Amino acid sequence: MSKARRKQDALDYHADGRPGKIEVIPTKPTASQGDLTLAYSPGVAEPCLKIAENTEDVYKYTAKGNLVAVISNGTAVLGLGNIGPEAGKPVMEGKGLLFKIFADIDVFDLELDVTNVDDFVRTVKALEPTFGGVNLEDIKAPECFEIERRLKAEMKIPVMHDDQHGTAIISAAALLNACELQNKKIEDLQIVVSGAGAAAISCTRLYIALGAKKEKVVMLDRSGVIRKNREKLDEIKAEFATDRPINTLEEAVKDADVFIGLSSADILSAKALKSMAKNPIVFAMANPNPEIDYELAVKTRKDVIMATGRSDYPNQVNNVLGFPYIFRGALDVRATTINEEMKLAAVRAIAALAKETVPEAINVAYNAKNLRYGRDYIIPKPMDSRLITTVAPAVAKAAINSGVARAEIKDWDAYAQALKKRLGMDDALMRGIAEKATSAPKRVIFAEADNYKILKAAQIVKDDGIAIPILLGNKKAINTIIAEHELGLDGVTIIDPMEEPEMLEKFAQNLYKKRQRRGISLYEARKAMRDRNYFGASMVEFGDGDALISGLTKNYASTVKPALQIIGTEEGVNRVAGMYLMLTKKGPIFCADTTINVNPTVSELVDITLLVNESVKRFNINPRIALLSYSNFGSNKGEIPEKTREAVKILHQKHPKVTVDGEMQANFALNQSLLNDNFPFSKLKSAPANTLVFPTLEAGNIAYKLLQEIGGAEAVGPILLGMNKSVHVLQLDSSVREIVNMITIAVVDAQAKQNS
Ligand SMILES: NC(=O)C1=CN([C@@H]2O[C@H](COP(=O)(O)OP(=O)(O)OC[C@H]3O[C@@H](n4cnc5c(N)ncnc54)[C@H](OP(=O)(O)O)[C@@H]3O)[C@@H](O)[C@H]2O)C=CC1
Ligand SMILES: CC(=O)C(=O)O
Ligand SMILES: [Mg+2]
């Protein structure tokens with residue numbers, strides 16, 4: 001993707017729809033007048049009076065206990081410098097977003113127009129009643145040190161300056177592991193620290209607490225090496241001043257074991273890196289661009305362990321691995337502070353997690369075959385959902401053991417379960433599928449390429465490396481839309497079937513051959529090929545593309561029919577079906593059949609279940625299937641329960657490895673204790689269903705649309721099951737996001753079909 005495009009995309013991402021990245025959502029019912037009398041006057045007076053009696057009850061009746069303030073004055077925003085509070089707001093909203101998605105912590109971001117230390121401290125202190133914790137962010141040194149020290153002393157809720165301690169914790173965990181891998185002892189390390197600000201000072205202090213020797217540290221700021229004899233040396237920089245007779249970064253890094261960059265982009269040259277000791281460790285953590293480019297560093301030194309703060313290279317040493325979980329642990333035991341014990345517990349937990357076997361879902365999410373502790377994997381990946389269950393309990397335990405917790409956790413297993421529940425799997429799942437698609441992008445044919453939404457989606461999947469688009473349609477019409485919207489689809493193949501007589505004829509002959517005994521003449525076959533759904537399906541059939549996407553502008557049947565006639569079903573599969581992946585607050589739920597079979601017979605229900613079973617596995621999820629009806633295990637007579645029950649019986653007899661049960665009502669399928677209390681014999685007793693097979697199309701279609709509209713679930717689909725090649729049909733008028741999701745699924749489907 002071009003730099004200009006990436007910049008524009010970042011601006012669009014923030015500006016599109018509701019501006020910014022976060023919103024406030026009520027957590028209680030508000031539908032009726034009765035609800036409002038509880039939420040506001042007069043009902044609200046009751047919790048007010050309780051809290052007036054006992055201030056601690058604020059944790060019981062308000063959002064305080066899960067609410068963190070991300071506070072900045074914009075004086076050291078990323079590596080962009082003193083750009084002011086308004087300009088820093090996107091970063092603070094970004095931190096809020098990360099707190100929410102990684103640890104389910106709610107955030108108000110507060111950008112203060114205050115640079116004076118006294119005023120800053122007074123302002124933040126006054127906010128104590130509102131928040132459960134304070135995350136100070138992007139406040140420049142040296143003011144940040146006094147601000148944090150005073151706030152910690154004066155406030156009874158946890159306060160942490162993330163750039164100092166978040167960064168110190170993560171980089172210390174990475175440093176411990178890097179030392180182990182490079183066979184170096186922390187106490188022997190010659191460490192060069194570029195930067196003498198918030199992050200650099202605190203990181204260095206923590207490395208020393210872990211055993212590094214102060215006399216082996218050389219620190220630099222904008223004026224070069226901080227030497228003891230420098231004039232006007234402030235107290236904090238003086239802590240790391242050296243008496244070695246050196247002035248420049250080049251002199252400092254010669255024979256050094258470790259380079260820590262918390263300063264600014266591109267200041268460590270390849271030449272300087274070459275002069276470092278054997279098996280060097282380079283953490284170039286300046287954001288958004290590191291002190292030395294990742295590629296350049298690993299090209300220059302084969303023996304380097306290299307890390308940056310960025311997500312697009314191995315070893316992302318970034319405080320995002322820490323702050324969500326450190327605050328999670330601190331909030332959950334209502335800690336009064338974040339102390340050294342808690343920080344060290346986080347360091348150890350993060351360092352240890354890197355040595356554990358990496359679950360397959362994380363390999364898939366990062367498009368990796370086998371992530372394993374080593375040079376390119378010294379710390380866990382930010383999307384590793386084990387971080388919350390590892391780091392938060394470690395921090396919470398340390399708070400309890402060091403006497404700063406005001407609440408107990410007695411059942412640690414239950415706590416771990418509760419933490420898991422906090423994380424919706426939805427976005428993580430789609431991200432994982434997207435990463436899988438990028439591991440082997442496929443050629444996707446777009447039958448309706450003369451449409452802006454299709455072209456925009458094609459541009460996104462091309463830029464993200466998910467698919468190689470092939471556009472079908474009139475070249476002039478397509479190019480006009482591309483130019484008008486500056487879509488950056490240069491070089492993408494455009495095929496106008498009308499200009500391809502040889503392909504048209506070959507495809508028509510093929511269709512004629514397949515359908516001549518079913519009423520199609522050669523004349524009709526030739527005519528049909530002018531329809532891009534026929535042409536596109538033929539391209540996939542002949543291997544001129546790997547997947548077909550269509551249906552945005554035509555009804556479902558007229559899009560599926562050509563694919564069925566030309567490509568047909570998978571070997572051994574008798575029929576096709578449609579499935580939706582519903583991304584709900586309770587995790588992903590697969591629903592079928594939602595698109596094709598109107599009133600499936602017993603054997604059709606069996607087929608649909610088997611199709612769904614195979615498809616769900618491709619999402620790295622073990623299918624747990626419930627066949628739904630309005631009755632539970634024979635509690636009602638009637639055509640629907642009986643056919644469903646019969647299908648389950650056949651599945652149990654002939655396909656015992658499929659985890660399926662029924663017939664049952666939807667609430668029993670999704671509520672484990674309800675099911676276990678009433679039907680303890682059920683094959684779904686160990687966990688609720690994640691896949692629902694409906695008795696009729698009517699039921700399936702109505703259910704998924706209710707989930708979407710009322711339940712707020714995002715619908716990904718319909719995913720067409722049972723075709724011999726990857727063909728997927730969009731819903732009329734899908735959004736660009738929905739089209740991108742479908743393309744991603746089409747690519748993963750094509751990968752699976754080509755590998756089977
Ligand atoms: N990966 C991660 O998780 C994190 C990365 N960072 C990154 O670290 C950097 C510093 O952030 P922070 O400590 O909050 O900011 P501060 O403003 O507190 O400190 C910046 C420090 O960098 C020094 N510096 C700037 N340019 C150079 C240069 N060319 N050569 C040597 N030193 C230089 C400054 O020197 P002087 O004192 O002379 O002004 C100052 O000491 C940023 O790029 C930030 O993105 C920060 C936190 C987390
Ligand atoms: C990551 C971060 O907090 C920073 O670069 O400032
Ligand atoms: Mg920061």
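In this predicted model, Ala 69 of strand β1 stands opposite Phe 108 in β2. A second facing pair on these two strands is formed by Ile 71 and Leu 110 of β2. Both pairs belong to a parallel pairing: strand β1, which covers residues 67-72, is joined to β2 by 6 bridges. To get from β1 to β2, the chain passes through helix α5 (residues 85-103), and the resulting β-α-β crossover is right-handed.

Strand β1 has another partner as well. It pairs with β3, again in the parallel sense, over 4 bridges, and here Val 68 stands opposite Gly 133 in β3. With neighbours in β2 and in β3, how much of strand β1 is buried? The strand is mostly covered, since 5 of its 6 residues are buried.

The next step leads from β3 to β4. Strand β3, residues 133-136, runs parallel to β4, and 3 bridges join the two. Asn 135 has Met 160 of β4 opposite to it. Taken together, these pairings give an open sheet of 4 strands, in the order β2-β1-β3-β4, with parallel pairing. At the edges of this sheet lie β2 (106-111) and β4 (159-161), each of which pairs on one side only. Neighbouring strands are not perfectly aligned: on average they are turned by 20° against each other, direction ignored. Helix α8, made of residues 162-182, lies across β3 and β4 and runs at about 80° to β4.

Helix α8 also leads to the first of two ligands, being one of the elements that give two or more residues to the shell around ligand 1. The others are α9 (198-209) and β6 (217-221). Which element gives the most to this shell? That is α9, with 3 residues. In total, 29 residues surround ligand 1, and the closest are Ala 76, Gly 79, Gly 197, Asp 221 and Gly 309. Sorted by class, the shell holds 13 nonpolar, 12 polar and 4 charged residues.

Ligand 2 is surrounded by Leu 78, Asp 138, Asp 162, Asp 163, Asn 287, Gly 309, Asn 318 and Asn 319. Its shell comprises 1 nonpolar, 4 polar and 3 charged residues. Gly 309 is listed here and is also named among the closest residues to ligand 1.

Burial can be followed further along the chain, beginning with helix α14 (residues 323-332). All 10 of the 10 residues in helix α14 are buried, so this helix is largely enclosed by the rest of the structure. Among the buried residues of α14 are Phe 323, Tyr 325 and Ile 326, and also the charged-class members Arg 328 and Asp 332. Just after α14, Arg 334 adopts a positive phi of about 50°.

Two other residues make a useful contrast with helix α14. Thr 27 sits in the loop between α1 (3-15) and α2 (33-39). Is Thr 27 buried or exposed? Thr 27 is exposed, because just 9 other C-beta atoms lie within 10 Å, and the cut-off for an exposed residue is 12 or fewer. Thr 27 and Ala 63 are 36 residues apart in sequence, while their C-alpha atoms are 9.6 Å apart in space.

Leu 296, in helix α13 (residues 294-300), is partly exposed, because 16 other C-beta atoms lie within 10 Å. A residue counts as buried from 20 such atoms upward and as exposed at 12 or fewer, so a count of 16 falls in between. The C-alpha atom of Leu 296 is separated by 9.9 Å from that of Leu 273, a residue 23 positions away along the chain.

For the protein as a whole, the secondary structure comes to 31 helices and 21 strands. Buried residues make up 46% of its 756 residues. Among contacts with a separation of 6 or more, 69% join residues 24 or more positions apart.

Methods: Residues numbered from 1 in each chain as written. Chains lettered and ligands numbered in written order. Predicted model: local features only at pLDDT ≥ 70, side-chain atom pairs only at ≥ 80, totals over all residues. Near = placed C-beta within 6 Å. Pairing = 2+ DSSP bridges. Axes fitted to C-alpha atoms, helices over the stretch in contact; angles between N-to-C directions. Contact = placed C-beta atoms within 7 Å. Right-handed = clockwise from strand over helix to strand, strands pointing away.
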